[in-house]
Amino acid sequence: MRKFNIRKVLDGLAGSSSSSSASSSSQQQLSATRENDIQETLQSEHFQLCKTVRHGFPYQPSALAFDPVQKILAIGTQTGALRLFGRPGVECYCQHDSGAAVIQLQFLINEGALVSALADDTLHLWNLRQKRPAILHSLKFNRERITFCHLPFQSKWLYVGTERGNIHIVNVESFTLSGYVIMWNKAIELSSKSHPGPVVHISDNPMDEGK
């Protein structure tokens with residue numbers, strides 16, 4: 001009859017039991033780790049907002065201009081945005097870096113250029129003859145506030161009226177001040193001694209092409 005040691009048998013059973021329990025605990029830890037890795041809630045870094053399409057009339061429009069030859073409509077907004085509309089389905093969006101409101105727009109008729117006047121007293125000359133319109137020149141008024149601009153047809157001189165009632169003349173080709181200023185007291189009747197206020201409008205004299 002074969003003899004066997006009962007202690008060895010019990011030790012073997014205990015060893016197998018401890019190894020199985022260790023394996024079970026490691027599996028539970030792995031499962032818990034996987035559950036911790038899975039984020040069931042959305043975080044802000046999971047999203048990135050961006051505009052994919054613009055539709056409809058621009059929000060808060062503040063200025064409007066039209067080129068009757070090239071059939072381009074330009075609309076400026078109070079947030080410094082610029083929308084250009086051409087043929088149906090053709091449009092372009094631009095943005096002034098300052099974000100200041102656009103107070104006036106002036107086309108250089110049939111020349112593919114546009115002048116924008118902003119509420120921060122800055123003038124910008126846009127080049128529209130390229131795929132993406134861009135600013136060619138900028139001019140900042142430091143001493144007077146811009147209230148109105150006028151560009152006669154096929155003229156290189158831009159007339160800029162200010163809050164003080166004066167009119168400055170800008171060379172559109174170089175986009176610099178000419179140095180010639182029409183002072184408010186020279187543009188009113190001599191009998192009037194009071195200040196007329198800011199320039200609210202400038203236009204050509206239909207009876208005299210030189211005025």
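Begin by selecting Arg83 and Glu91, whose side chains are joined by a polar contact of 2.7 Å. The model on screen is a predicted one, and the distances and angles along this tour are to be read with that in mind. Arg83 is found in strand β3, which covers residues 81-85, and the residue is buried, with a relative accessible area of 6%.

**The whole chain**

Before going further, zoom out and colour the protein by secondary structure, which comes to 1 helix and 12 strands. Followed along the sequence, the helix is placed ahead of the strands, in the pattern α-β-β-β-β-β-β-β-β-β-β-β-β. Of the 211 residues of the protein, 32% count as buried, and the accessible surface comes to about 15,100 Å², with 53% of that surface belonging to carbon and sulfur atoms. Among the contacts with a separation of 6 or more, 34% are accounted for by residues 24 or more positions apart.

**Strands β1 and β2**

Select residues 61-67 next, which make up strand β1, and pick out Ala65 within this strand. Ala65 is buried, its relative accessible area being 9%. If residues up to four places away in sequence are not counted, Ala65 touches Ile72, Leu73 and Ala74, and also Leu105, Gln106 and Phe107. A distance drawn from the C-alpha of Ala65 to the C-alpha of Val115 should read 9.9 Å, although the two residues are 50 residues apart in sequence.

Move on to strand β2, residues 72-77, where Thr77 is found. Thr77 is buried, with a relative accessible area of 2%. Its contacts, leaving aside neighbours within four places in sequence, include the run Pro58, Tyr59, Gln60, Pro61 and Ser62, together with Ala101 and Val102.

**The sheet β5-β6-β7-β8**

Now show the open sheet in which 4 strands follow the order β5-β6-β7-β8, with antiparallel pairing. At its edges stand β5 (102-108) and β8 (134-140), and each has a single partner strand, so one side of each is left without a neighbour in the sheet. Looking across the sheet, one finds neighbouring strands turned by 20° against each other on average, direction ignored.

Take the pair of β5 and β6 in detail: β6 covers residues 113-118, and the two strands pair in the antiparallel sense over 6 bridges. To follow the register, select Gln104, whose bridge partner in β6 is Ala117, and then Leu108, which stands opposite Ala113 in the same strand, β6. The hairpin of these two strands has 4 residues between the strands, and there Asn110 takes a positive phi near 60°.

Keep β6 selected and ask how many of its residues are buried. The count is 6 of the 6 residues, so β6 is largely enclosed by the rest of the structure. Both faces of the strand are covered, with Ala113, Val115 and Ala117 buried on one side and Leu114, Ser116 and Leu118 buried on the other.

On to β7, residues 122-127, which is joined to β6 by 5 bridges and runs antiparallel to it. Val115, already met as the far end of the distance from Ala65, stands opposite Leu125 in β7. In the hairpin of β6 and β7, which has 3 residues between the strands, select Asp121, where phi is positive and near 65°.

**The sheet β9-β10-β11-β12**

The next stop is an open sheet of 4 strands, ordered β9-β10-β11-β12 and paired in the antiparallel sense. Its edge strands, β9 (146-150) and β12 (176-182), each pair on one side only. Here the neighbouring strands are turned by 30° against each other on average, direction again ignored. Within this sheet, β9 is joined by 4 bridges to β10, residues 157-162, and the two strands run antiparallel; Ile146 can be selected together with Thr162 in β10, which it stands opposite.

**Two cysteines**

Finish by selecting Cys92 and Cys94. Why is no disulfide drawn between Cys92 and Cys94? The closest cysteine sulfur to that of Cys92 is in Cys94, at 4.0 Å, which is too far for a bond, given that a disulfide needs the sulfur atoms within 2.5 Å. The count of disulfides accordingly comes to 0. Both residues are nevertheless enclosed: Cys92 counts as buried at 16% relative accessibility, and Cys94 is buried with a relative accessible area of 3%.

Technical notes: Residues numbered from 1 in each chain as written. Predicted model: local features only at pLDDT ≥ 70, side-chain atom pairs only at ≥ 80, totals over all residues. Heavy atoms only, no water. Buried < 20%, exposed > 50% of the residue type's maximum accessible area, 1.4 Å probe, protein only. Contact = heavy atoms within 4.5 Å. Areas by Shrake-Rupley, 256 points an atom, 1.4 Å probe, with all protein chains shown as cover. Pairing = 2+ DSSP bridges. Axes fitted to C-alpha atoms, helices over the stretch in contact; angles between N-to-C directions. Polar contact = N/O pair within 3.5 Å; in protein donor to acceptor, adjacent residues only side chain to side chain.
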